[in-house]
Structure formats: C-alpha cells, structure tokens
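Biologist: I'm new to this protein and would like a close look at a single part of it. Could you pick up one helix, tell me what sits in it and around it, and then take me outwards from there?

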Amino acid sequence: MGEALAEAKRRLERARVPFPNREAEFLVAAVLGCTRGALLARRPDPIDDPTRRRLDAAIARRERREPLQYIEGVAEFRGRPFAVDRRVLVPRPETELVVDAALEGLPAGAAVADLGTGSGCIAVSIAVERPDATVLAVDLSADALEVARANARRHDVDDRIAFVHGDLADPPAEWRSRCDLVVSNPPYVAEGEWAGLEPEVRDHEPKLALAPGPTGDEAYPRLAVAAAALLRRGGRLVAELGHTNAAGAERAALEAGLTAVTIRPDPRGIARILIAWLP
C-alpha cells in the first residue's frame with residue numbers, strides 16, 4: 001500500500017492538485033474504505049488488483065481536477081454526511097453560517113422555505129435540528145432534487161420536507177403568506193469571474209447553481225420577491241452572499257418590500273449573509 005500511496009502523491013503533484021499528499025491519502029482511504037488515520041497502520045499491506053484498478057480510476061478523476069467529494073460521493077455539512085455528485089454543488093463551510101442565522105429565533109412549529117435547495121444540505125439540516133419544523137425545498141433542477149430527496153431519506157426527515165421542481169421565483173401558491181423563514185444560497189458568481197474559478201468548480205460543478213448572469217446579482221431580485229410572497233408578517237429572509245453582492249442584494253430586498261436589512265460578515269470579514277424582514 002505504501003507504494004500505491006506514493007504513486008498517487010506523485011501523480012497528483014504532476015497534475016498540480018492542491019495539497020497532493022493530503023489528497024492522495026484521502027483518495028486511498030476512500031478506496032480502501034478506511035479512515036485517513038488508519039492508513040498508517042495499513043501501509044505495509046498489499047493491494048489486490050481489483051482495489052488497485054479502483055484506486056487508479058479514482059486518481060485519474062482527481063488528476064482531471066474533479067472534486068474529491070464527487071469521487072468519494074459524500075461531503076460533510078454541519079458534521080453530517082451528504083451525498084453529492086455532479087448534479088449539485090459541494091456544500092461549503094460558509095453555508096453553515098446561513099443555517100446558523102436561519103435557526104436563530106425560529107418559532108415553534110415553523111414553516112420554512114429553502115429556495116434553490118441543491119443537495120438539500122440547508123433544508124435537511126434545518127429539519128434535523130428543528131424536528132418541529134416543516135420545510136419546502138424548491139429547485140429548478142430535477143436532477144438536484146433527486147439528490148436532495150436521497151439526503152432527506154438518509155437523515156430520516158423526508159416526511160417533513162416537501163420537494164418541488166420549479167423556479168425559486170415561482171414558489172407554490174399554497175405556501176404563500178405562511179412561511180416564518182425563507183432561506184437560500186442562490187447563484188451569485190459574476191460571469192466575468194467564472195473563467196478564473198478553480199477547475200474543481202468551473203469544470204465540474206453545475207454552472208446553473210453558481211452563475212446567474214453578468215453581474216452575479218441577478219437572482220436576488222427574484223429571490224426577494226418570492227420571499228415577500230411566501231413570508232407571513234414578521235417573517236425573515238436569510239440569504240447567502242458572494243463577496244460582491246451585498247449592495248445589490250440589499251437593494252433587491254428593500255425594493256421587494258422587506259425591511260430591517262442586515263448584512264453579516266463571515267470570519268474573514270467578507271459580507272456573507274443577508275437578513276431581511278417582512279414588516
């Protein structure tokens with residue numbers, strides 16, 4: 001196994017994969033079905049031919065800069081495993097901050113709408129952490145909804161999440177004026193930034209979920225109008241922001257009739273979360 005691990009490190013280094021030593025260890029551990037730490041004890045063990053072929057295929061995918069989470073088929077979010085593949089974005093740590101903000105002051109028996117649910121990481125996390133809540137999860141991608149449903153079943157909350165295939169700007173009429181919270185991680189990457197993204201993102205993650213148009217602000221007016229329609233009086237919108245979107249998102253919220261807009265930074269000081277209220 002030590003030889004296979006060394007070869008994986010060499011190949012990933014040649015492919016200019018960031019942190020090739022660490023990534024090689026994760027890949028070998030995933031193929032062997034063990035933890036990264038357990039590799040140390042298993043280094044002297046031989047690798048049989050079928051395992052070597054699986055490892056070679058996994059390394060080849062990472063050489064093409066496919067995200068490690070897609071190769072493993074799972075990403076961690078709020079300490080829980082979520083199935084991911086090319087149909088959905090890989091959940092990011094900053095989105096955990098969105099869930100933190102969403103859960104603040106959420107009333108008992110809350111109705112929550114997650115617009116643009118993707119893998120379902122936000123909707124499922126809220127349903128798990130608030131067993132009294134019911135959640136609407138909307139996505140324009142039917143493929144993404146398949147992944148989100150699987151994650152809801154995985155965490156045993158599928159009975160409290162309604163999955164709807166549709167545009168975030170056109171939520172179901174029966175949910176209008178009844179939500180305590182609308183939450184969203186909308187697409188916010190400007191078209192001009194797209195070419196400069198890391199290959200893991202640009203070449204493998206779904207562009208529909210990342211880049212809404214030339215400025216990156218295009219989703220926020222539609223999201224704000226949908227939130228105003230879905231929220232009951234006194235309800236909140238909590239939305240993730242990219243590093244250039246705060247002004248445009250705030251303007252969209254105010255134009256949709258939301259008030260008391262607050263922008264929160266992430267630990268790096270980047271404006272990351274918009275919170276707005278329906279008065």
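Modeller: Happy to. Let's start with helix 8, which covers residues 142-154, and with one residue in it, Leu145. Keep in mind that this is a predicted model.

Is Leu145 buried or exposed? Leu145 counts as buried because its relative accessible area is 1%, and the cut-off for buried is under 20%. So who is around it? Setting aside residues up to four places away in sequence, Leu145 touches Thr117, Ala137, Asp139, Phe163, Val164 and His165. For a sense of distance, take Tyr188: it is 43 residues away from Leu145 along the chain, and their C-alpha atoms are separated by 20 Å.

Pick one of those partners, Thr117, and look at things from its side. Thr117 sits in the loop between strand 3 (111-115) and helix 7 (121-129). Being in a loop doesn't put Thr117 on the outside here: its relative accessible area is 6%, and it is buried. Leaving out neighbours within four places in sequence, its contacts are Ala123, Ala137, Val138, Asp139, Leu145 and Ala148. Ala137 and Asp139 turn up again there, as they are in contact with Thr117 and are touched by Leu145 as well.

Now hop to another leucine, Leu223, which belongs to helix 11 (residues 219-230). Leu223 is buried too, with a relative accessible area of 1%. Beyond its neighbours within four places in sequence, Leu223 is in contact with Leu115, Leu168, Ser184, Pro186, Leu237 and Ala239. Two of these lead back to strands: strand 3 spans 111-115, which takes in Leu115, and strand 6 spans 179-184, which takes in Ser184. Asp180 makes a handy yardstick: Leu223 and Asp180 are 43 residues apart in sequence and 15 Å apart in space, C-alpha to C-alpha.

For another helix, try helix 4. It runs over residues 49-63, so 15 residues, and reaches 21 Å from its first C-alpha to its last, close to the 21 Å expected at 1.5 Å a residue. Which of its residues are buried? They are Thr51, Leu55, Ala58, Ile59, Ala60 and Arg62. A bit of background helps when you look at a list like that: an α-helix has 3.6 residues a turn, so residues three or four places apart point the same way. The buried residues of helix 4 pack against helix 1 (2-14), helix 2 (20-32), helix 5 (68-72) and helix 10 (199-202). Zoom in on Ala60: it counts as buried at 18% relative accessibility, because the cut-off is under 20%. Ala60 and Ala169 are 109 residues apart along the chain, and 40 Å separates their C-alpha atoms.

While you're at helix 4, check the backbone just after it, where Arg65 takes a positive phi of about 70°. Phe19 has a positive phi as well, about 50°, although it is not a glycine. You'll find Phe19 in the loop between helix 1 and helix 2, and it counts as exposed, with 56% relative accessibility. Ser177, also a residue other than glycine, has a positive phi near 65°, and its place is the loop between strand 5 (161-165) and strand 6 (179-184).

Finally, zoom out to the whole chain. There are twelve helices and nine strands, and the C-alpha atoms fill a box of roughly 65 × 40 × 30 Å along the principal axes. A compact globule of 279 residues would have a radius of gyration near 19 Å, and the 20 Å found here agrees with that. Of the 279 residues, 52% count as buried. Among contacts with a separation of 6 or more, 65% come from residues 24 or more positions apart. The protein exposes about 12,600 Å², and carbon and sulfur atoms supply 52% of that. As for charge, there are 38 positive and 43 negative side chains, with the centres of the two sets 2 Å apart.

How values were computed:
Residues are numbered from 1 along each chain as its sequence is written. This is a predicted model: local features need pLDDT of at least 70, side-chain atom pairs count only at pLDDT 80 or more; totals for chains, interfaces and linings use all residues. Side-chain values use heavy atoms; hydrogens and water are left out. Helices (H or I, at least four residues) and strands (E, at least two) are DSSP runs, numbered from the N terminus. The radius of gyration is taken over C-alpha atoms; the globule rule is 2.2 Å times the number of residues to the power 0.38. Buried means under 20% relative accessible area, exposed over 50%, partly exposed in between (1.4 Å probe, protein chains only). Contact means heavy atoms within 4.5 Å. Accessible areas come from the Shrake-Rupley method with a 1.4 Å probe; for residues, only the protein chains shown count as cover. Lys and Arg count as positive and Asp and Glu as negative; His and the chain ends are not counted. The place of a charge is taken as NZ of Lys, CZ of Arg, CG of Asp or CD of Glu. The expected span of a helix is 1.5 Å times one less than its number of residues.
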